[in-house]
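Hi,

Here is the structure I promised to pass on. Could you have a look at it before reading my notes below?

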Amino acid sequence: KYIAALLSPAGRLPVMEYWIFILPITLATIMGRGYVRRLEEEPATWIVAAVLILIWMAFCVTSRRLQDMNYPGFLCFPLFAASAVVFLADVDLSIVGDDEDTLLMVEQLRRWSGVAMALVIGCGGIMGESHAGPNVYGPHFDAPRGAGKQRSSSAVADSGVRLDRIKRALARSSPGEGAGVVRPRSSPSADRRTQGFGRR
């Protein structure tokens, strides 16, 4: 489940695990982006891929943290998408083109994306409170495997009990009260027994 927390944004992540994940990811991303910006030549493909994977991991754990606070995780997606675009522009400026307005927008994104990222990480790790039980995004991160299935099966059992009670109540009702209830007819063998020899 810890590997899944780094690769998939679906699910939840409590505050302690969030800090354990986000701090080294953020530090490694800053170091990788700084290294790429200092290079005078085109960086190796594996370095670019590694930084993009780190950005994706940061989005996954932040999304899970928001969902643990009962907020939609994809609220933070535009922030990390902008961070990836800025990084790719650092790698190769021709990716975004040479239009002056586009270059100005990239510069603004570079300036404010770091501030916005720090605010999101700080709010998610300090101000957010975890839900102790399951919420609309699934069970708690520390819940045992299959907890959601047990919960759904108990709900099905409860509905079955209610249905049995309704059937018993209809069976006890009189013909006038339970109009439309079809009662089983007595079998012919039972009728013959009531008319047999020795019946008073």
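What follows is a short tour of what turned up, going from the overall build to a few single residues.

First, some housekeeping. This is a predicted model, in which local features need pLDDT of at least 70 and side-chain atom pairs count only at pLDDT 80 or more, while totals for chains, interfaces and linings use all residues. Residues are numbered from 1 along each chain as its sequence is written, and side-chain values use heavy atoms, with hydrogens and water left out.

**The overall build**

The protein has 7 helices and 0 strands, so read from the N terminus the order is simply α-α-α-α-α-α-α. Helices (H or I, at least four residues) and strands (E, at least two) are DSSP runs, numbered from the N terminus. Of the 200 residues in the protein, 31% are buried. Here "buried" means under 20% relative accessible area, "exposed" means over 50%, and "partly exposed" is in between (1.4 Å probe, protein chains only).

**Two helices and a core**

Helix α3 covers residues 45-68, and its 24 residues reach 35 Å from the first C-alpha to the last, close to the 34 Å expected at 1.5 Å a residue. (The expected span is 1.5 Å times one less than the number of residues in the helix.) α3 is mostly covered, with 17 of its 24 residues buried. After α3 comes Asn-70, which has a positive phi near 75 degrees.

Helix α4 (residues 77-91) has 15 residues and spans 21 Å between its end C-alphas, close to the expected 21 Å. Its buried residues include Leu-79, Phe-80, Phe-87 and Val-91.

The largest nonpolar core has 28 residues, and Leu-13, Phe-21, Ile-25, Val-61, Phe-80 and Phe-87 touch the most other members. Helices α1, α2, α3, α4 and α5 (100-127) each supply at least two residues of this core, and the largest share, 11 residues, comes from α3. A nonpolar core is a set of buried Ala, Val, Leu, Ile, Met, Phe, Trp, Tyr and Cys residues joined through side-chain atoms within 4.5 Å.

Phe-80 deserves a click. This residue sits in α4 and counts as buried because its relative accessible area is 4%. Phe-80 and Leu-52 are 28 residues apart in sequence, and their C-alphas are 10.0 Å apart in space.

**A salt-bridge network**

How many salt bridges does a search of the whole structure find? There are 2, where a salt bridge is a side-chain nitrogen of Lys or Arg within 4 Å of a carboxyl oxygen of Asp or Glu.

One of them joins the side chains of Arg-12 and Asp-68 (3.0 Å, N to O). This pair links distant parts of the chain, with Arg-12 in the loop between α1 and α2, Asp-68 in helix α3, and their positions 56 residues apart. The other pairs Asp-68 with Arg-65 (2.9 Å, N to O). Those two are 3 residues apart in helix α3, so about one helical turn separates them. Through shared partners, the salt bridges join Arg-12, Arg-65 and Asp-68 into one network.

Are these residues buried or exposed? Arg-12 counts as buried at 2% relative accessibility, Asp-68 is buried at 0%, and Arg-65 is buried at 1%.

Arg-12 has another partner too: a polar atom of its side chain lies 3.0 Å from the backbone oxygen of Gly-138. The side chains of Arg-12 and Asp-68 also count as making a polar contact (3.0 Å). A polar contact is a pair of N or O atoms within 3.5 Å; within protein, one must be able to donate a hydrogen and the other to accept it, and residues adjacent in sequence count only if both atoms are side-chain atoms.

**On the outside**

Trp-56, Phe-74 and Phe-77 make a nonpolar surface patch of about 320 Å². Patches are made of residues with over 30% relative accessible area and no salt bridge, with like charges joined within 9 Å and nonpolar side chains (Val, Leu, Ile, Met, Phe, Trp, Tyr) within 5 Å. Areas come from the Shrake-Rupley method with a 1.4 Å probe; for residues, only the protein chains shown count as cover. Phe-77, in α4, is partly exposed, with a relative accessible area of 36%.

Lastly, Ser-130 lies in the loop between α5 and α6 (147-172) and is partly exposed at 33% relative accessibility. Ser-130 and Met-69 are 61 residues apart in sequence, while their C-alphas are 5.2 Å apart in space.

Cheers
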